[in-house]
Structure formats: C-alpha cells, structure tokens
Amino acid sequence: MIVSLGVWVLVGAVAAGVVLSVLKAWVDGRFRGKSEDDVERVTAAEVGGELGERATLLQFSSAFCAPCRATRRTLAEVESMVDGVRHVELDAESHLELVRRLDILRTPTTLVLDSTGAVVKRASGAPRKPDVIAALATAIDRQAS
C-alpha cells in the first residue's frame, strides 16, 4: 500500500499540533524563579499604591482576556488567605512602559514581589492556587533570611 505525500503532511501537522498543545499546557501558569543577580524591582508608585507588607501579587491583564478573570479570582483568594499580601491588577495597555521594562509578553502575567518590590517569581497564563501559595512562600522566606 502506497501512502501519498498529503497523508504524511497531515500526520506530521497533527503530531506537531499535539506536541505543541502538550508543551503549552505544561508551561502555562507555572512560576519561574529569578536569579539573585538579575533582580528587577517595582515601586509602589509604579503600581499606583502601596506594596504588600510581606509580598505583592502583581497581575498584568487586558480587557478581553478570559484567563485574566480566573487569575483575578485566584489571586484575590490567596490575598485573603495570607496576611500581609496584596494583590494588584494592572491593565497592560495603560502601563506600557512598565510592561516593556519587565518584559511582559502576554496576559495574564503574574509577578510575585517580595516586600521590597523585587521580582521573585513570574508566571505567564493562569496560575493554580497551590502554585501561587508556593511562590509566595519563596518571596516571604527570602525576606526572612
């Protein structure tokens, strides 16, 4: 039986689509750490208010972003669970200079800041609540040491 070139192209395209979908699902919403040497800082003036006493969850959103709404709910829940943590949501379009400086490529993007405003962790996509809590623990522990 001879298989045509079109069938091979179709099989290759489907396989590539499956691989890319699995990779996106695996990476989406996962927090990545920042090295101690590559510290970025965000000030209270840049977020339009005070930073959290222990840590800040800084969310970059856009108007028509469905995952942004889910992220807002998750971060608000974590904020209410952990004392000294503040959730701040910024519209990416309205804060383009900060978006460029922090290399925000998509929404939602969540940055976990320690009490000094240093970026400790970041996640693109909607993070899961346990991952947010673990990232917060890293930021809070970093300040304690």
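Two strands count as paired here if DSSP finds at least two bridges between them. Keep that in mind as you click around this predicted model.

**Stop 1: colour by confidence**

Start by colouring by pLDDT. The protein has a mean of 87, and 90% of its residues reach 70 or more. Confidence is lowest in strand E1 (residues 32–33), where the mean is 68, and highest in strand E2, at 96. Go easy on E1: where pLDDT is low, the predicted coordinates should not be read in detail.

**Stop 2: strand E2**

Now select residues 55–61, which make up E2. Is this strand enclosed or open? Seven of its seven residues are buried, so E2 is largely enclosed by the rest of the structure. Show the side chains and look along the strand. Ala-55, Leu-57, Gln-59 and Ser-61 point one way, while Thr-56, Leu-58 and Phe-60 point the other way. That fits a general pattern: in a regular strand the side chains alternate between the two faces of the sheet.

**Stop 3: the neighbours of E2**

Add residues 85–91, strand E3, to your selection. E2 and E3 pair in the parallel sense, with seven bridges between them. To find one spot where they meet, pick Ala-55, which stands opposite Val-85 in E3.

Next, add residues 109–114, strand E4. E4 runs antiparallel to E2, and six bridges join the two. Zoom in on Thr-56: its bridge partner in E4 is Leu-113.

While E3 is on screen, click His-87, which lies in that strand. At 14% relative accessibility, His-87 counts as buried, because the cut-off for buried is under 20%. Try a distance too: His-87 and Val-112 are 25 residues apart in sequence, and their C-alpha atoms are 9.5 Å apart in space.

**Stop 4: helix H3**

Select residues 66–81 to bring up helix H3. Together, E2, H3 and E3 make a right-handed β-α-β unit. You can check the helix with a little arithmetic: at 1.5 Å a residue, its 16 residues should span 22 Å, and its end C-alpha atoms are 24 Å apart, which agrees.

Which residues of H3 are buried? They are Cys-68, Thr-71, Thr-74, Leu-75 and Val-78. These residues cover an arc of only 125 degrees around the axis, which puts them on the same side of H3. There is a general reason for spacing like this: an α-helix has 3.6 residues a turn, so residues three or four places apart point the same way. Spin the view and you'll find Arg-73 and Ser-80 exposed on the other side of H3.

**Stop 5: the disulfide**

How many disulfides are in the whole structure? A search finds one. Show Cys-65 and Cys-68 as sticks: they form the disulfide, with their sulfur atoms 2.2 Å apart. Both cysteines are buried. The torsion about their S-S bond is about 85 degrees, so the disulfide is right-handed.

**Stop 6: the loop before E4**

Last, go to the loop between helix H4 (96–101) and E4, where you'll find Pro-108. Look at the link to the residue before: a cis peptide bond joins Thr-107 and Pro-108, with omega at about -5 degrees.

Asp-103 lies in the loop between H4 and E4 as well. Phi of Asp-103 is near 60 degrees, a positive value in a residue other than glycine. Is Asp-103 buried, exposed or partly exposed? At 48% relative accessibility, Asp-103 counts as partly exposed.

Note on methods
Residues are numbered from 1 along each chain as its sequence is written. This is a predicted model: local features need pLDDT of at least 70, side-chain atom pairs count only at pLDDT 80 or more; totals for chains, interfaces and linings use all residues. Side-chain values use heavy atoms; hydrogens and water are left out. Buried means under 20% relative accessible area, exposed over 50%, partly exposed in between (1.4 Å probe, protein chains only). Helices (H or I, at least four residues) and strands (E, at least two) are DSSP runs, numbered from the N terminus. A crossover is right-handed if, with the strands pointing away from the viewer, the path from the first strand over the helix to the second runs clockwise. A disulfide is a pair of cysteine sulfur atoms within 2.5 Å. The expected span of a helix is 1.5 Å times one less than its number of residues. The arc is that of the directions from the helix axis to the C-beta atoms. pLDDT is the predictor's confidence in each residue, from 0 to 100.
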